[in-house]
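Thanks for sharing this one. Here are my notes, set out as numbered points so that you can follow them with the structure open.

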Amino acid sequence: MKLLVIDDEEDIRDVATLTLELKEGWEVAAAGSGAEGIALARGARPDAILLDVMMPDLDGPSTLRLLRDLPETKSIPVIFLTAKVQAADRRRYLNLGVNGVIAKPFDPLTLGRTVCECLDWPVVA
C-alpha cells in the first residue's frame, strides 16, 4: 500500500510515517501543507491520503475539494486526521465525502488497523 500523510505538524507526520512503514510495511510519503500534498498526490498517486483538518493557508476541507477537482486525484480515498472529534464535527467531515475520521492524537499501535477499517481494506495482522 502507498499512503500520503498531509499534516502541518512534523511530529504527527513522523509518527504516522514510521508506524505505517515499520509496522505495516506500507510505502508512505509525507507533506507539510495542503499545496505540497496535492502536488505529491498528483505525482505519487497514493492508494489513500491521511489529511489533517486544521492547517494554515489551505485547510483539510479546502485541500479535499482541490483533490476532488483534479482528474488524477479525485478518486483517491481520504481520511481526515483531527483533534475535533465531537459527533457533529465527525458528521460534517463525513458529509464532505471522506472515507473516515481518525482522532488526534492517534494510537500508533492501531493506526494501520484503523486506516484499514476506514477504507474497508483487509485488516493487517
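1. A word on terms before we start: contact means heavy atoms within 4.5 Å. Helices (H or I, at least four residues) and strands (E, at least two) are DSSP runs, numbered from the N terminus. This is a predicted model, where local features need pLDDT of at least 70, side-chain atom pairs count only at pLDDT 80 or more, and totals for chains, interfaces and linings use all residues. Residues are numbered from 1 along each chain as its sequence is written, and side-chain values use heavy atoms, with hydrogens and water left out.

2. The sheet is a good place to begin. It is open, with 5 strands in the order β2-β1-β3-β4-β5 and parallel pairing; two strands pair if DSSP finds at least two bridges between them. At the edges are β2 (27–31) and β5, each pairing on one side only. From one strand to the next, the twist averages 20 degrees. Parallel strands β1 and β3 are joined by 4 bridges, and Val5 stands opposite Leu50 in β3.

3. Next, a helix on the sheet. Helix α2 (residues 34–44) touches β1, β2 and β3, and its direction makes about 165 degrees with that of β1. Axes here are lines fitted to C-alpha atoms, for helices over the stretch in contact, and angles run from 0 to 180 degrees between N-to-C directions.

4. Which residues of helix α5 (residues 111–119) are buried? They are Leu111, Gly112, Val115, Cys116, Cys118 and Leu119, where buried means under 20% relative accessible area, exposed over 50% and partly exposed in between (1.4 Å probe, protein chains only). Their cover includes β1 (2–6), α1 (10–23), β3 (48–52), β4 (78–82) and β5 (100–103). α5 lies across β1, β3, β4 and β5, at about 160 degrees to β5. Just after α5, Asp120 has a positive phi of about 55 degrees.

5. Do take a look at Thr73, in the loop between α3 (60–69) and β4. Thr73 is buried, at 1% relative accessible area. Leaving aside neighbours within four places in sequence, Thr73 contacts Ala41, Arg42, Leu67 and Arg68.

6. Finally, the aromatics. Rings of Phe, Tyr and Trp (its six-membered ring) pair if their centres lie within 6.5 Å, with planes under 30 degrees apart counted as stacked, over 60 as edge-to-face and the rest as tilted. By this rule there are 2 aromatic pairs. The ring centres of Trp26 and Trp121 are 5.9 Å apart and their planes are at 85 degrees, so this pair is edge-to-face.
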